Amino acid sequence: MKIGSKKILSLLLASSILCLCSCGGGAESETAGGGRTSFTEEELESGHASFQMEENLAVDADISPREDYEKSYATYYVKIFCETDEGESAEQFKKSPTLFRRTQEEWQEALEALEPGAFREQGFTLKNRQIHQKYKGDNGRTYRFQGDWGGMQKGLPYSSPFYCAWVWFKMKERPDMDVEYAIRQAVPMSGRNNDLSFLEDPEEQAGKFREFLEALTGRKVHERYNLVPVGKKNRELLVENGRESSAGGEHALFELYYDLDGLPIYDIGLNYRLDPDKEMDDLCYWADLGKETLLPQSERVQNFRVDADGITEIDVTDFREAGDVCQKEAPVIGPNEVLAKIKDYYEGRILASPRLISDLSLVYTGYFSDGSEGIVKPVYLPVWDVTVYSMEEQGTVRYEFVYDAHTGEVLKEEKAWG
């Protein structure tokens, strides 16, 4: 008899919290109920903690390394990547187009190192701001290689129509991304089953992807990555009403992040309410959702998918980078201050279902300046990003809490995903 995924995930989360309740964990800063409200030095040093805070609220979390939050960080204005040199005309670019400022020969060399093969045609051919090529892999697969750029938009300060590069390298059949989404959102990192026997060394594979991306973009890629394994065990966790997903086979998704001052850049999605008395910088054109709401300008996650026969898809971009300093380096709050804020949020609330704090990450993300000189501009800001899982009637639910790492201000404190 098959059990629905919501029930399975709820049972998994419940067992984790019950174990923490029974095991407890000693020491620093205890409440009257016997639970702790701060991390020990040993936990901060190791980067992981598991303990009960209070009834129905537990910690089983990875924590950013101590050396990260003991440093100071600046806030940077966002700048938009431009493929061509300033003043270069579209006609000049069409004669010798590039992607991430790299020629087809450079892409060929880099792709051959990852997945040996060759382009079927010679030279990039540009049409309607896009390049389409076919790549024949030695693994017998035919890949579609596509690159494109954002076009000139009214009000943006660029003389060239070619910027914001985006590259796809993929098989005709797409992997099972619905399952990837479900695993990423509904299964805590510590509960994922890395049951992909074909993937012998994830660290080595991630390292190859990191080198590939750095070589082609010229940007540093952070050592941290997220692995979403779509294997038999994780599929069994996501069975819905006796039906398994029919799309795709076993594969793994690697999510990589660009590096800024030693921190990964996350695309968290912090919408910003624009004061009616403030004006938007030209770059906010990209962000304007209407009704005084701005969408954050943050670099996307970089995606690499593999299965037993090799690469299935690469999806990478170079849109938004760090520009000039907006606010100079300043210290940031630590994980104990963040944990206290989470506790304060739940203080006095009656939790009908258990909550599990599963990740505390110090990262950079896109946000906006506070409107100095009356002009609001997009920035990269250091924040603490916290993930909390909850068992609820509809199943396992993921919550996200985000705090300004400089001031501790709440930027997001709500249900993020269902």
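The following exercises, each with a worked solution, concern the predicted model shown above.

Residues are numbered from 1 along each chain as its sequence is written, and side-chain values use heavy atoms, with hydrogens and water left out. Because the model is predicted, local features need pLDDT of at least 70 and side-chain atom pairs count only at pLDDT 80 or more, while totals for chains, interfaces and linings use all residues.

**Exercise 1. Confidence**

State the average pLDDT of the protein and identify stretches where pLDDT stays under 50.

Solution. The term pLDDT denotes the predictor's confidence in each residue, from 0 to 100. The protein averages 81, and 79% of the residues score at least 70. Under 50 throughout are residues 1-12, with 25 contacts beyond four places in sequence; a contact is a pair of heavy atoms within 4.5 Å. Residues 21-34 also stay under 50, and the model has 22 such contacts for them.

**Exercise 2. The nonpolar cores**

Determine which members of the largest nonpolar core touch the most other members.

Solution. A nonpolar core is a set of buried Ala, Val, Leu, Ile, Met, Phe, Trp, Tyr and Cys residues joined through side-chain atoms within 4.5 Å. Buried means under 20% relative accessible area, exposed over 50%, and partly exposed in between, using a 1.4 Å probe and protein chains only. The largest core has 77 residues, and Phe-254 and Ile-357 touch the most other members. Beyond four places in sequence, the contacts of Phe-254 include Leu-199, Phe-209, Tyr-225 and Phe-304. A second, separate core has 17 residues, among them Tyr-266 and Tyr-367. In soluble globular proteins, nonpolar side chains tend to be buried together.

**Exercise 3. Aromatic pairs**

Classify the pair formed by Phe-81 and Phe-100, and explain which parts of the chain the pair ties together.

Solution. Rings of Phe, Tyr and Trp (its six-membered ring) pair if their centres lie within 6.5 Å; planes under 30 degrees apart count as stacked, over 60 as edge-to-face and the rest as tilted. The whole structure has 28 aromatic pairs. For Phe-81 and Phe-100 the centres are 6.4 Å apart and the planes stand at 90 degrees, so the pair is edge-to-face. Helices (H or I, at least four residues) and strands (E, at least two) are DSSP runs, numbered from the N terminus. Phe-81 lies in the loop between strand 3 (72-80) and helix 4 (90-95), and Phe-100 in the loop between helix 4 and helix 5 (104-114), so the pair ties together parts that are 19 residues apart in sequence. Phe-100 also pairs with Trp-107 in a tilted arrangement, at 5.8 Å centre to centre and 45 degrees between the planes. Phe-100 counts as buried at 2% relative accessibility, and Trp-107 is buried at 1%.

**Exercise 4. Helix 5**

List the buried residues of helix 5 and name elements against which they pack.

Solution. The buried residues are Gln-104, Trp-107, Gln-108, Ala-110, Leu-111 and Leu-114. Their packing partners include strand 6 (130-137), strand 7 (142-150) and helix 7 (202-217).

**Exercise 5. Val-230**

Locate Val-230 and describe its surroundings.

Solution. Val-230 is found in strand 9 (residues 221-230). Its relative accessible area is 0%, so Val-230 is buried. The C-alpha atoms of Val-230 and Ala-252 are separated by 5.6 Å, although these residues are 22 apart along the chain. Beyond four places in sequence, the contacts of Val-230 include Val-179, Ile-183, Leu-196 and His-251.
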